[in-house]
Amino acid sequence: MAKDYSLQHVSVSLSPQERFDEYLQSRAMRNTQQRRTVLEHVFSHHDHFDVETLIEQLPDKGEANYVSRPTVYRTLTEFVDAGLLRKFELGGRAIYEHDYGYPEHDHMVCNQCNQFFEFHSDEINNIRESVAQDYRFRVTGHRLLIFGICSDCAQPRRQKRKQDLI
Ligand SMILES: [Zn+2]
Ligand SMILES: [Zn+2]
């Protein structure tokens, strides 16, 4: 690849947990085991997820650290509010991903496997700045989703079926 589309590194002084603690304190709210469970899970790995996927991954009812559905929804809203997560709509679903400490990027989304591919492009940011300047528009952010078929899904069908059997 001639150009570098890799994500730039961002350093932050607080961990997501510390940042969230600050947020809770500023609102005179207390941290709970349920909030901690959701936070630990969500920030254990970078992913693009919807609420249903997250609920499937969390402990089931009757298990230790079970978090009720309404609490999961409420906690995710708090994470967005606290600047820890970003939320966007895709095909009528709300998708969440890390925001705090995670570099700015755009996405390609595969129509078949729904996988997200992240990239960073200075050129897109330059276009953004130049258009905004023309319109005397103050940019606060942008969201670009490119739809299509990823290279795995574009493989000939027979080959794909073989992989599915493994
Ligand atoms: Zn795909
Ligand atoms: Zn992303």
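**In the hairpin of strand 1 and strand 2, G91 takes a positive phi near 55°.** The model is predicted: local features need pLDDT of at least 70, side-chain atom pairs count only at pLDDT 80 or more, and totals for chains, interfaces and linings use all residues. Residues are numbered from 1 along each chain as its sequence is written, while chains are lettered from A and ligands numbered from 1 in the order in which they are written. The hairpin has 2 residues between its strands. Strand 1 covers residues 85-90 and strand 2 covers residues 93-98. The two run antiparallel and are joined by 6 bridges. L90 stands opposite R93 of strand 2. Strands (E, at least two residues) and helices (H or I, at least four) are DSSP runs, numbered from the N terminus. Two strands pair if DSSP finds at least two bridges between them.

**Strand 3 and strand 4 form a second hairpin view, with N114 between them.** Strand 3 (residues 106-110) pairs with strand 4 (residues 116-119) in the antiparallel sense, over 4 bridges. H107 has E118 as its bridge partner in strand 4. V109 has F116 as its partner there. This hairpin leaves 5 residues between the strands. N114 has a positive phi near 60°, although N114 is not a glycine. Most residues other than glycine have a negative phi. Is N114 buried, exposed or partly exposed? N114 counts as partly exposed because 13 C-beta neighbours lie inside 10 Å. The cut-offs, with C-beta atoms placed from the backbone, are 20 or more other C-beta atoms within 10 Å for buried, 12 or fewer for exposed, and partly exposed in between.

**An open sheet of 3 strands follows the order 4-3-5.** Its pairing is mixed. Strand 4 and strand 5 (145-148) stand at the edges. Each has a single partner strand, so one side of each is left without a neighbour in the sheet. From one strand to the next, the twist averages 20°. For such angles, axes are lines fitted to C-alpha atoms (for helices, over the stretch in contact), and values run from 0 to 180 degrees between N-to-C directions. Strands of a sheet pair through backbone hydrogen bonds, either parallel or antiparallel.

**Helix 2 has a buried side and an exposed face turned away from it.** Helix 2 covers residues 33-42, and R35, V38, L39 and V42 are buried there. Why do these residues line one face? Seen down the axis of helix 2, they fall within an arc of 100°, so they line one face of the helix. The arc is that of the directions from the helix axis to the C-beta atoms. An α-helix has 3.6 residues a turn, so residues three or four places apart point the same way. Q33 and E40 are exposed on the face turned away from the buried side. Which helices pack against the buried residues of helix 2? They are helix 1 (16-26) and helix 4. Contact means C-beta atoms, placed from the backbone, within 7 Å.

**Two loops that follow helix 2 and helix 3 hold D47 and N65.** D47 sits in the loop between helix 2 and helix 3. D47 counts as partly exposed, with 14 C-beta neighbours inside 10 Å. K3 lies 44 residues from D47 along the chain, and 24 Å separate their C-alpha atoms. N65 is in the loop between helix 3 (51-57) and helix 4. Phi of N65 is positive, about 65°, although N65 is not a glycine. N65 counts as partly exposed, with 13 C-beta neighbours inside 10 Å.

**The protein is divided into domain 1 (12-101) and domain 2 (103-166).** These bounds come from an automatic or database domain assignment. Taken over C-alpha atoms, the domain centres are 24 Å apart. The C-alpha trace spans about 55 × 50 × 30 Å along its principal axes. The protein has 6 helices and 5 strands. From the N terminus on, they run α-α-α-α-β-β-β-β-α-β-α. Of its 166 residues, 10% count as buried. Among contacts with a separation of 6 or more, 56% join residues 24 or more positions apart.

**Confidence varies between elements, with helix 4 and helix 6 at the two ends.** pLDDT is the predictor's confidence in each residue, from 0 to 100. Its mean over the protein is 92. A value of 70 or more is reached by 93% of the residues. Which element has the lowest mean pLDDT? Helix 6 (residues 157-165) does, at 61. Helix 4 (residues 69-81) has the highest, at 97.

Methods: Two residues are in contact if their C-beta atoms, placed from the backbone, lie within 7 Å.
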